[in-house]
Amino acid sequence: MKPSVFRHGINLWPPFLFTGIHVADVSPDWRHARVELRMRPWNRNYVGTHFGGSLFAMTDPFWMLLLMRLLGRDYYVWDQSGSIDFVKPGRGTVTARFDIDDAVLEEIRQATAGGAKYLHWFENEIVNADGEVVARVRKQVYVRRKPDRRPAQGDAPAA
């Protein structure tokens, strides 16, 4: 699937569509994404700032989804854990960026080469239009290389 098709599709996904979450960009190589949360009357909390659940939801699937695309079908990739620290009230449109570089991919591939699971922590910030940090999010992603499905040398193929 092309990143542009993914972006359009996920923007129509009801949990994002109806909460004001908008995927603004996914790079053609799946290494970068930018997600916005737009302030709407239905996603404000009692004091008129962004609802904390919406702030966390805007970051929820992206580390896992980007890794799944970058590592390919030879890996299991799941969200394991997550946390959010609220730094200041969020108002207006807030943004989160997700960037995965070669060093992280190599670290994950090396750690899982023998079939062991690997838990990797990703961190990013949610910022307002002035670039001020609204929240810091940590997500732990579980990665494991799938077992080799090919018969070993000398083994007879399955009947």
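What follows is a chat between a student and a tutor about this predicted model.

Student: Before we dig in, what pLDDT does the protein chain average?
Tutor: Let's start with the spread: 93% of the residues score at least 70. Residues 155-159 are another matter, with pLDDT below 50 and zero contacts in the model beyond near neighbours in sequence. For the protein chain, the average is 91.

Student: Okay, on to the sheet. In what order do the six strands come?
Tutor: The sheet is open, and its pairing is antiparallel. β1 (21-26) and β3 (75-86) each have a single partner strand, so these two stand at the edges, with one side left without a neighbour in the sheet. On average, neighbouring strands are turned by 20° against each other, direction ignored. The order is β1-β2-β4-β5-β6-β3.

Student: Which residue of β2 stands opposite aspartate 25?
Tutor: β1 and β2 run antiparallel and are joined by five bridges. They form a hairpin with five residues between the strands, where tryptophan 30 takes a positive phi near 65°. Opposite aspartate 25, in β2, you'll find arginine 34.

Student: Moving along, what is the bridge partner of glutamate 36 in β4?
Tutor: Here the pair to look at is β2 and β4, antiparallel over six bridges. Within β4, the partner of glutamate 36 is threonine 95.

Student: And which glycine in the turn between β5 and β6 has a positive phi?
Tutor: β5 and β6 pair in the antiparallel sense over eleven bridges, and tryptophan 121 stands opposite glutamine 140 in β6. The two strands form a hairpin with five residues between them. The residue in that turn with a positive phi, about 85°, is glycine 131.

Student: What about the other partner of β6: which residue there pairs with tryptophan 78?
Tutor: Eleven bridges join β3 to β6 (residues 133-145), and the two run antiparallel. One pair to check is aspartate 85, which stands opposite arginine 136 in β6. For tryptophan 78, the bridge partner is tyrosine 142.

Student: Now the helices. How many of the ten residues of α4 are buried?
Tutor: Helix α4 (residues 62-71) lies across β1, β2, β3, β4, β5 and β6, running at about 155° to β3. Its buried residues are Phe62, Trp63, Met64, Leu66, Leu67, Leu70 and Leu71. That makes α4 largely enclosed by the rest of the structure, because the buried count is seven.

Student: And what phi does glycine 72 take?
Tutor: Glycine 72 comes just after α4, and its phi is positive. The value is about 85°.

Student: Which element gives the most to the largest nonpolar core?
Tutor: In soluble globular proteins, nonpolar side chains tend to be buried together. Here the largest nonpolar core has 36 residues, and Met58, Leu67, Leu71, Phe98, Ile100 and Ile126 have the most contacts inside it. The top contributor, with seven residues, is α4.

Student: Let's zoom in on isoleucine 126. What is its relative accessible area?
Tutor: Isoleucine 126 lies in strand β5. Leaving out residues up to four places away in sequence, its contacts include Leu55, Met58, Ile84, Val94 and Val137. Isoleucine 126 is buried, and its relative accessible area is 0%.

Student: How far apart in space are isoleucine 126 and phenylalanine 86?
Tutor: Along the sequence they are 40 residues apart. In space, C-alpha to C-alpha, the distance is 9.4 Å.

Student: Which elements do the buried residues of α1 pack against?
Tutor: In helix α1 (residues 3-11), the buried residues are Pro3, Phe6, Ile10 and Asn11. They cover an arc of only 125° around the axis, which puts them on the same side of α1. The elements they pack against are α2 (14-17), β1 and α4.

Student: Last one: which exposed residues sit on the face of α5 turned away from its buried side?
Tutor: In α5 (residues 102-112), Val104, Leu105, Ile108 and Thr112 are buried. Their arc around the axis is only 100°, so they are on the same side of α5. The buried residues of α5 pack against α4, β3, β5 and β6. The face turned away carries Asp102, Ala103 and Gln110.

Note on methods. Residues numbered from 1 in each chain as written. Predicted model: local features only at pLDDT ≥ 70, side-chain atom pairs only at ≥ 80, totals over all residues. Heavy atoms only, no water. Pairing = 2+ DSSP bridges. Helix = DSSP H or I, 4+ residues; strand = E, 2+ residues; numbered from the N terminus. Axes fitted to C-alpha atoms, helices over the stretch in contact; angles between N-to-C directions. Contact = heavy atoms within 4.5 Å. Buried < 20%, exposed > 50% of the residue type's maximum accessible area, 1.4 Å probe, protein only. Arc of directions from axis to C-beta. pLDDT = per-residue confidence, 0-100. Core = buried A, V, L, I, M, F, W, Y, C linked by side-chain atoms within 4.5 Å.
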